[in-house]
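Q: Please take a close look at one part of this model, the packing between two of its helices, and describe what surrounds that contact. How are the two helices set against each other, and which residues meet there?

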Amino acid sequence: LFGLPAMIAAFAGAWLLGKLSTNEITIPYQLAGKQMETSMINLVIAALLTLFAVFELNKRLANFTLGKKFLPFGGILSGFFGGMSGHQGALRSMFLLKAGLTKEGFIATGISIAILIDISRLTVYGSSFLFQKLQTINSEQSTAFVVVACLSAFIGSFLGKRLLKKVTIRNVQIIVSVMLLIFAVLLGSGII
């Protein structure tokens, strides 16, 4: 009820992101006397990241849940924003918390759905990348980036499993939200 709509909607979110990323509009500004610029896509993604971080940090919103009848709608929202920005955890949690899952079941279901959404969005991102920037795929930088990203994912999963019993979900929400806000500011300002 949740995963399939999420996977389908992720294609739409990733497609829209691809359309937005072809927009070459830049926004120049000055920061501490230095000429800077950002792009429309950076601002859109930064706004989404900020929205999700605020959602997670606000206790009333973070604990807000919806009943099982809203699971397909939640899948669509989570998938779309997952495809667009890669961040669907807050929405996914809001809908799955009332699904009657154990802590382990909740985590396993969340990971399974995240994988479905990632397969969808990476398919769209990858095909777009292949057609637009084929020459950069074989570069050593690209290979190093993929290797480091994969190793980081495995290390994160390994540590996450070890820490699961030691941390509260609220601590995870706060840490992730603060990191999202920092990243949103850096991305939106064009620093990264």
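A: Helix 2 and helix 4 are oblique to each other, a class that takes in whatever angles are left once those under 35 degrees (roughly parallel), over 145 (roughly antiparallel) and 65 to 115 (roughly perpendicular) are set aside. Helix 2 spans residues 40-57 and helix 4 residues 71-85; they pack at an angle of about 130°, with axes 10 Å apart. Axes here are lines fitted to C-alpha atoms, for helices over the stretch in contact, and angles run from 0 to 180 degrees between N-to-C directions. Helix 2 passes helix 4 in a left-handed crossing, meaning that the near helix is turned anticlockwise from the far one by less than a right angle, whereas clockwise would be right-handed.

This is a predicted model, in which local features need pLDDT of at least 70 and side-chain atom pairs count only at pLDDT 80 or more, while totals for chains, interfaces and linings use all residues. Residues are numbered from 1 along each chain as its sequence is written, and side-chain values use heavy atoms, with hydrogens and water left out.

On the helix 2 side, V44, I45, L48 and F52 meet F81, M84 and S85 of helix 4, contact being heavy atoms within 4.5 Å. By class, this contact of helix 2 with helix 4 has six nonpolar, one polar and no charged residues; Ala, Val, Leu, Ile, Met, Phe, Trp, Tyr, Cys and Pro count as nonpolar, Asp, Glu, Lys and Arg as charged, and the others, Gly among them, as polar.

F81 also belongs to the one aromatic pair of the structure. The ring centres of F80 and F81 are 5.4 Å apart and the planes stand at 80°, so the pair is edge-to-face. Rings of Phe, Tyr and Trp (its six-membered ring) pair if their centres lie within 6.5 Å, with planes under 30 degrees apart counted as stacked, over 60 as edge-to-face and the rest as tilted. F80 is partly exposed at 25% relative accessibility, and F81 is partly exposed at 22% (buried is under 20% relative accessible area, exposed over 50%, partly exposed in between, with a 1.4 Å probe and protein chains only).

F80 is in turn part of the contact between helix 4 and helix 1. Helix 1 (residues 3-21) packs on helix 4 at an angle of about 30°, their axes 6 Å apart, which makes helix 1 roughly parallel to helix 4. Helix 1 passes helix 4 in a right-handed crossing. Helix 1 contributes P5, A6, A9, A10, A12, G13, A14, L16, L17 and L20, and helix 4 contributes P72, G75, I76, G79, F80, G83 and M84. These residues divide into 13 nonpolar, four polar and no charged.

Helix 1 also packs against helix 2, at about 140° with axes 8 Å apart. L17, L20 and S21 of helix 1 touch I41, V44 and I45 of helix 2. That contact has five nonpolar, one polar and no charged residues.

As for the whole chain, the protein has eight helices and two strands, in the order α-β-β-α-α-α-α-α-α-α from the N terminus. Helices (H or I, at least four residues) and strands (E, at least two) are DSSP runs, numbered from the N terminus. Of its 192 residues, 29% count as buried.
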